[in-house]
Structures are given as structure tokens and as C-alpha cells.
Amino acid sequence: MRIIAGEFRSRRLEAPQGLTTRPTLDKVREAVFSSLGGSFEGGNVLDLYAGSGANGLEALSRGMEKAYFVDNDRRAVSAIRKNIASLGVQKNTKVLCMADTKALALLKEEGVRFSLIYMDPPYAKQKNSLILSLISEYELLEEGGYAVIESLKEDEFREDYPHLKYERDRVYGISRITYCRGV
């Protein structure tokens, strides 16, 4: 697993030990970030269910200003911290080792908003509809920002919310990538 493009292009990343994490394939991550424009000019990214932190670190490499990583698995958090240190981006990151709903409530309390939210939950434990409704309710996504959901290709998330609208989806192998926009 590696960073695809930007400042940290080709840098290798450590994956968490064990079988609880399923990293996003490099080709899928490359397709997602290319579809988002390839690079960013600042903004915050939330890597929810971060695993290795590859998606948030990819966004930092491509120009995001700050990355927030959320995972409740301590092995994943350990790998994220090692990857952050190896890239020297500690000042541009925040790692939260807690449940998804608790992290979203905390980020709301802190008044943080995101240009990009990347959700890559374990396929067997998805509760994407609930999480999307909380993202909308808490207004965590900036207007025009993207929420990207990685799920099984059989799963569809086309529901609109008051501050979040379905835009499109694409299938890559066994994965479906769904894009929603902040409104």
C-alpha cells in the first residue's frame, strides 16, 4: 500500500496487523481521488474507519490542510500514528480512537467542517445510512464538499438528507463508491 500522488507520492504505508481491516486498493483510491479533481487547495478531510489512514494521508499529500482519522481498533490507530510519523505530518493530523458516532458528535462540538469525508467501514458492519444522516444533521460537510462511501457493490446509498445529496456512484470489482455532495 502506498500514496498514489502529490507531495508523498510512492511513499509506502504500514497496514494494521490482523484481519479486521480491509485496505482500499490503490487503483480504487486513485480512481476516487482523480474523480474528485486530483488535488486540493486546503480544507479538512475526515478519514472515517481509517484503518491505515491511507485515504486521509492521500488527501494530505494532494493538498488538504488537515486530516482527521477515526478508528476504534487500537491496532489500526497504531498503524495510523506510525504512518503519520513516517510522513512527518503530525501537526496536520488528529487521530481519534473511538466509535464513529462518538467521533462525529465530538467533531460537531469542536465546530470542525470538512471538504471531504471518506467512509470505508468494514463491509460486514456498515451503518452508512445512520452515519450519513448524522453527517447531514451535524452539518459536518462543507457546501460543495464530498462524502465518499466505499461499500459492497450490491449496496446502494442514494437517499438525500437536508445537508447532503446523492450525486453518483461507480463500481470497481467488489466495491461500490458512492459520492454525495454537501448542500
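Here is a short friendly exchange about labels used for this predicted model.

Reader: Why is Cys180 called buried?

Author: Its relative accessibility is 0%, and buried means under 20%, so Cys180 earns the label.

Reader: What makes Cys97 partly exposed?

Author: Cys97 has 28% relative accessibility. Partly exposed lies between the 20% and 50% cut-offs, so that is where Cys97 belongs.

Reader: How many disulfides are there, and by what rule?

Author: The count comes to 0 disulfides. To be counted, a pair of cysteine sulfur atoms must be within 2.5 Å.

Reader: How do you know that Asp100 and Lys127 form a salt bridge?

Author: Their closest N and O atoms are 3.2 Å apart. The rule asks for a Lys or Arg side-chain nitrogen within 4 Å of an Asp or Glu carboxyl oxygen, so the pair qualifies. This pair links distant parts of the chain: Asp100 sits in helix α4 and Lys127 in the loop between β4 and α5, 27 residues apart.

Reader: Are Asp100 and Lys127 buried or partly exposed?

Author: Asp100, at 8%, is buried, while Lys127, at 36%, is partly exposed.

Reader: What makes Glu156 and Arg158 a salt bridge?

Author: Their closest N and O atoms are 3.7 Å apart, and the limit is 4 Å, so they count as one. Glu156 and Arg158 also belong to a network of salt bridges with Asp169 and Arg176.

Reader: Why is Glu156 called partly exposed?

Author: Its relative accessible area is 48%, and exposed means over 50%, so Glu156 stays partly exposed.

Definitions and conventions. Residues are numbered from 1 along each chain as its sequence is written. This is a predicted model: local features need pLDDT of at least 70, side-chain atom pairs count only at pLDDT 80 or more; totals for chains, interfaces and linings use all residues. Side-chain values use heavy atoms; hydrogens and water are left out. Buried means under 20% relative accessible area, exposed over 50%, partly exposed in between (1.4 Å probe, protein chains only). Helices (H or I, at least four residues) and strands (E, at least two) are DSSP runs, numbered from the N terminus.
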